[in-house]
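Student: Please take one part of this model and look at it closely. What surrounds it, and how is that setting built?

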Amino acid sequence: MTVVKKELITITPKKASELLGKNFNNRELHPMNVQYFVDIIKCGEWQGSKANSIQIDIAGNLINGQHRLNAIVQTNAELPVWIFTVEL
């Protein structure tokens, strides 16, 4: 994978839902993993670090980050998130 673009943006629940709508080839969603991120968000411990990044391909399809995005939707939070656009 080659990173072709990276940007730190505020992800809203609406934007998170849009990205999740392009989640075609990801692994199975695990509720416990989503809950882990929900708890981090509710405790105010979310870090807009590259460790909490979202990866999309150049067509806008979600590659990595479905658990974080689902947690953003569930908590109705707006959070800083690094978005990495990659070429596979």
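Tutor: What follows is a close look at one helix and its neighbours. The model is predicted, so local features need pLDDT of at least 70 and side-chain atom pairs count only at pLDDT 80 or more, while totals for chains, interfaces and linings use all residues. Numbering starts from 1 along each chain as its sequence is written, and side-chain values use heavy atoms, without hydrogens or water.

Take helix α3, residues 66-75. Helices (H or I, at least four residues) and strands (E, at least two) are DSSP runs, numbered from the N terminus. How many residues of α3 are buried? Seven of the 10 are, so the rest of the structure largely encloses this helix. Buried means under 20% relative accessible area, exposed over 50%, partly exposed in between (1.4 Å probe, protein chains only). The buried residues are Gln66, His67, Arg68, Leu69, Asn70, Ala71 and Ile72. They pack against β1, α1, α2, β2, β3 and β4. Just after α3 comes Asn76, with a positive phi of about 60 degrees.

Start with the helix neighbours. Helix α2 covers residues 31-42. The axes of α2 and α3 lie 8 Å apart, at an angle of about 55 degrees. Axes are lines fitted to C-alpha atoms, for helices over the stretch in contact; angles run from 0 to 180 degrees between N-to-C directions. The pair α2 and α3 is therefore oblique. Under 35 degrees is roughly parallel, over 145 roughly antiparallel, 65 to 115 roughly perpendicular, the rest oblique. The crossing of α2 and α3 is right-handed. That is, the near helix is turned clockwise from the far one by less than a right angle; anticlockwise is left-handed.

Which residues make this contact? From α2 come Asn33, Val34, Phe37, Val38, Ile41 and Lys42. From α3 come His67, Arg68, Asn70, Ala71, Ile72, Gln74 and Thr75. Contact means heavy atoms within 4.5 Å. By class, the contact of α2 with α3 holds six nonpolar, five polar and two charged residues. Ala, Val, Leu, Ile, Met, Phe, Trp, Tyr, Cys and Pro count as nonpolar, Asp, Glu, Lys and Arg as charged, and the others, Gly among them, as polar.

Now turn to α1. The axes of α1 and α3 come within 8 Å and cross at roughly 140 degrees. These two helices are therefore oblique to each other as well. Their crossing is left-handed. Here Pro13, Ala16, Ser17, Leu19 and Leu20 of α1 meet Gln66, Leu69, Asn70, Ile72 and Val73 of α3. This contact of α1 with α3 has seven nonpolar residues, three polar ones and no charged ones. One α1 residue to note is Lys15. Lys15 is partly exposed, at 33% relative accessible area. Its C-alpha lies 9.5 Å from that of Glu78, although 63 residues separate Lys15 and Glu78 in sequence.

Next, the sheet. Its four strands run in the order β1-β4-β2-β3, the sheet is open, and the pairing is mixed. Two strands pair if DSSP finds at least two bridges between them. β1 (2-11) and β3 (62-64) are the edge strands, each paired on one side only. On average, neighbouring strands of the sheet are turned by 30 degrees against each other, direction ignored.

Go through the pairs. β1 and β4 run antiparallel, joined by nine bridges. Lys5 has Thr85 in β4 as its bridge partner. β2 (residues 54-57) and β4 (residues 79-87) are parallel, over four bridges. Ile54 stands opposite Ile83 in β4, and Gln55 stands opposite Phe84. β2 and β3 are antiparallel, over two bridges. Across that pair, Gln55 faces Asn64 in β3. These two strands form a hairpin with four residues between them, and Gly60 in the turn has a positive phi of about 90 degrees.

How covered are the strands? In β4, seven of the nine residues are buried. In β2, both faces are covered: Ile54 and Ile56 are buried on one side, Gln55 and Asp57 on the other.

Finally, place the helices on the sheet of β1-β4-β2-β3. Strands β2 and β4 pair in the parallel sense. Helix α1 (residues 13-20) packs on the sheet and touches β1, β2, β3 and β4. The direction of α1 makes about 145 degrees with that of β1. α3 also packs on the sheet, touching β1, β2, β3 and β4. Its direction makes about 110 degrees with that of β3.
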